[in-house]
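Welcome! Here are some short exercises to work through with the structure open beside you. Try each task before reading its solution.

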Amino acid sequence: MSDRYAASRAHGERARRTIAGGVTSAIRASQRPHPIAFARSRGARIVDVDGNEYVDYALAYGPLLLGHSPEPVLAAVRRQLSEAIGFGASHRLEAELAEAFCRTVPCAERCLFSSSGSEAVAAALRIARSATGRVRVIKFLGHFHGWLDPLAVGGPGAADGEPASGGQDPAASASVTVCPWNDLEALERALGDDVAAVIMEPVAVNGGCFVPHPGYLQRARELTHRAGAVLIFDEVITGFRLALGGAQERLGVVPDLAVYAKALGAGFPISAVCGSAEVLEEAASGRVSHLGTLNGNPVSISAALGAVGDLERRADELYPQLELAGCELAEILRTEAAAAGVPLVVNQLGAAAYAFWSKSPVDSHADALEADGDAYRRFARALLDEGVHVIPRGLLYVSTAHTNADLEQTRVAVRSACVRVAAAAAPA
Ligand SMILES: Cc1ncc(COP(=O)(O)O)c(C=O)c1O
């Protein structure tokens, strides 16, 4: 069986001689039997360097909402490549993209563009602190906002608000209060007149695809408004994925600022902060310095325009399709796991889902800490052997490119993987 991944293993051995750890983002090291190296992809399919083909539910960790290499994005990028790769200066497409944001995202009256989600989160915090003249920030246990020091605390899998990584400056997060989510009393207790911002994933996808309790976001909106704090929705995952206007449109709560990345660029590096003209006046006035050599890079902007344009034009067709594909994937996993006696719990909302190896429901960060991550990673490996590629920690994404045939193939693969893991777990 291990021969199936021989070229990936050889690649890993080569890479480790020159790339620290052999992978270029630490999370990729968790894949079993070892990180898989890929060669090409199209639609919902991805092919590794051994020639194995998979139905892909990792989708580059989320950006590929339109699938791999969607034609409208390729066409826009090709057009731009024949014009210019970079200006480091103003160009027409950046205003077009900002206009698309202001049409589609409820909170968007002004935008800023950067290259990654982590950077855009940092910009949003700086803007909120400047707008309020305050420093303290509230984030939530189990929510992820990127790898930079100030907010890399209390993320998925964390028992508390300790820094997530060696080498972090504890002073950078000293002004961050980590609160339990979906708990209004805790938020009310934490909110004082020193709080600059409350930042959250409006649907906590990273921690387990947890949806807010009815009324939670509305009340959080009221409380932050009353406290004079800036409410920031981190829509890096949910933006364009859960609705054209993101989680804020789907759930009907408009934050002051929102951060976008992933699906915005359809695989190209671009992120955005958008929000009210009043709060973004901090950047417009120059009080907040928003910098970046690659900000507004025309190739990334053209990719985003291709993606957002396609989503806008075909919203009535694509969003129901994403809804169905997400439900179908969750149903496949639940049904096949139950039939094989595999303890799989699947939380799903639209085109995002999270699966846990757990005998009981997983409805909160505390529940997620009880789930068996190693067992799920073994299941993810079994899926890989059957031709289905997933993120080993439990996240699952569908795209507009997933067809009924892809889902049917997935059902057969999941059935075999469940039977295999159930047999391996059975007492001898
Ligand atoms: C909700 C959320 N915010 C921020 C980030 C950081 O984005 P990036 O990896 O582009 O820096 C991520 C990345 O997964 C994310 O899921």
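## Exercise 1: A sheet of four strands

In β2, the residue Val-47 is the bridge partner of Arg-40. Keep in mind throughout that this is a predicted model.

**Task.** Starting from that pair, find which strands make up the open sheet and in what order they lie.

**Solution.**
- Step 1: Look at the two strands β1 and β2 (residues 45-48). They run antiparallel and are joined by four bridges.
- Step 2: Now follow the sheet across. Its four strands come in the order β1-β2-β3-β13, and the pairing is mixed.
- Step 3: Check the edges. β1 (38-42) and β13 (388-389) each have a single partner strand, so one side of each has no neighbour in the sheet.
- Step 4: Look for what packs on this sheet. Helix α14 (residues 404-425) does, touching β2, β3 (53-56) and β13. The direction of α14 makes about 105° with that of β3.

## Exercise 2: A sheet of three strands

**Task.** Work out which strands stand at the edges of the open sheet β11-β12-β14, and which helix lies across its strands.

**Solution.**
- Step 1: Read the order, β11-β12-β14; the pairing here is antiparallel.
- Step 2: Find the edges. β11 (344-349) and β14 (395-397) each pair with a single strand, so one side of each is left without a neighbour in the sheet.
- Step 3: Estimate the twist, which averages 25° from one strand to the next.
- Step 4: Zoom in on β12 (residues 352-357), which is joined to β14 by three bridges. One pair to look for is Ala-352 with its bridge partner in β14, Tyr-397.
- Step 5: Add the helix. α13 (residues 373-385) lies across β11, β12 and β14, and runs at about 115° to β12.

## Exercise 3: Around the ligand

**Task.** Describe the shell of residues around the ligand: how many are nonpolar, polar and charged?

**Solution.**
- Step 1: Gather the residues that surround the ligand. Among them are Ser-116, Gly-117, Phe-144, His-145, Glu-201, Asp-234 and Lys-262.
- Step 2: Sort the shell into its classes, and you get three nonpolar, six polar and three charged residues.
- Step 3: Pick out polar atoms. A polar backbone atom of Gly-117 is 2.8 Å from an oxygen atom of the ligand. A nitrogen atom of the ligand lies 3.4 Å from a backbone N or O atom of Phe-144. In the side chain of Asp-234, an N or O atom is 2.6 Å from a ligand nitrogen.
- Step 4: Consider the cover. On its own the ligand has 390 Å² of accessible area, and the protein covers 82% of that.

## Exercise 4: Two backbone details

**Task.** Find where Pro-33 and Ala-60 lie, and say what to note about the backbone there.

**Solution.**
- Step 1: Recall the background. Most peptide bonds are trans, and most residues other than glycine have a negative phi.
- Step 2: Go to the loop between α1 (6-16) and β1, where Pro-33 lies. The peptide bond joining Arg-32 and Pro-33 is cis, with omega about 0°.
- Step 3: Move on to the loop between β3 and α2 (71-81), where Ala-60 is found. Its phi is positive, near 60°.

Methods:
Residues numbered from 1 in each chain as written. Predicted model: local features only at pLDDT ≥ 70, side-chain atom pairs only at ≥ 80, totals over all residues. Heavy atoms only, no water. Pairing = 2+ DSSP bridges. Contact = heavy atoms within 4.5 Å. Axes fitted to C-alpha atoms, helices over the stretch in contact; angles between N-to-C directions. Near = heavy atom within 4 Å. Polar contact = N/O pair within 3.5 Å; in protein donor to acceptor, adjacent residues only side chain to side chain. Areas by Shrake-Rupley, 256 points an atom, 1.4 Å probe, with all protein chains shown as cover. Nonpolar A, V, L, I, M, F, W, Y, C, P; charged D, E, K, R; others polar.
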